[in-house]
Amino acid sequence: MSITRILYNDRCPICRAEIAHYRARAEKTRAPLVFEDLNTADLGLWQLTPDQAKRRMHAALPDGRIISGIPAFAAIWAALPGMGWVARLVMLPGLRSLADLIYNRIAAPWLYHRQARRDARGLASDGTQP
């Protein structure tokens, strides 16, 4: 079975919650997904700097390609039984452009800066001191 690896930020509460949902579904259905926290992963294997890794979600496909953003989400959805239609839908040219715009211009930068502020204050993702 070919496995898709997902790189995400476990220190981001929103990212952590979303990945927990996907992970639970993947485990229940034995979907070929592995989730890696960018804070403990070997980013050299991903060919990413820590800053690049934190700015977007990434996926390593079974063929070795590394993708990020909406295509990485689509890779998750495509691997989860019953969600393939979501992957196909979001990758349609018009919807893909809209999804990219929302993710790249709004969601990803907001999450990145939110986490950077938390890190600067020395707070864990739940607001407590690490």
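Two strands count as paired when DSSP finds at least two bridges between them. In this predicted model, strand 1 and strand 3 (residues 58-60) clear that bar, running antiparallel to each other over 3 bridges. One of the partnerships can be picked out by eye: Leu7 has His58, in strand 3, as its bridge partner.

Stepping back to the whole sheet, 4 strands line up in the order 2-1-3-4, giving an open sheet with mixed pairing. Strand 2 and strand 4 (66-68) sit at the edges, each pairing on one side only. From one strand to the next, the twist averages 25 degrees. Helix 4 packs on this sheet and touches strand 1, strand 2, strand 3 and strand 4, with its direction at about 105 degrees to that of strand 4.

Now for the nonpolar residues. The largest nonpolar core has 27 residues, and the members touching the most others are Phe35, Met57, Ile76 and Trp77. At least two core residues come from each of strand 1 (4-8), helix 1 (13-29), strand 2 (33-37), helix 4 (70-79), helix 5 (84-90) and helix 6 (93-121). Helix 4, the helix that packs on the sheet, gives the largest share of the core, with 8 residues.

Phe35 offers a good look at the surroundings. Beyond its neighbours within four places in sequence, Phe35 contacts Ile6, Tyr8, Ile19, Tyr22, Arg23, Ala26 and Ile76. Apart from the largest core there is another one, made of 8 residues, including Trp46, Leu48, Ala53 and Ala60. As a general matter, nonpolar side chains in soluble globular proteins tend to be buried together.

Definitions and conventions: Residues numbered from 1 in each chain as written. Predicted model: local features only at pLDDT ≥ 70, side-chain atom pairs only at ≥ 80, totals over all residues. Heavy atoms only, no water. Core = buried A, V, L, I, M, F, W, Y, C linked by side-chain atoms within 4.5 Å. Buried < 20%, exposed > 50% of the residue type's maximum accessible area, 1.4 Å probe, protein only. Contact = heavy atoms within 4.5 Å. Axes fitted to C-alpha atoms, helices over the stretch in contact; angles between N-to-C directions.
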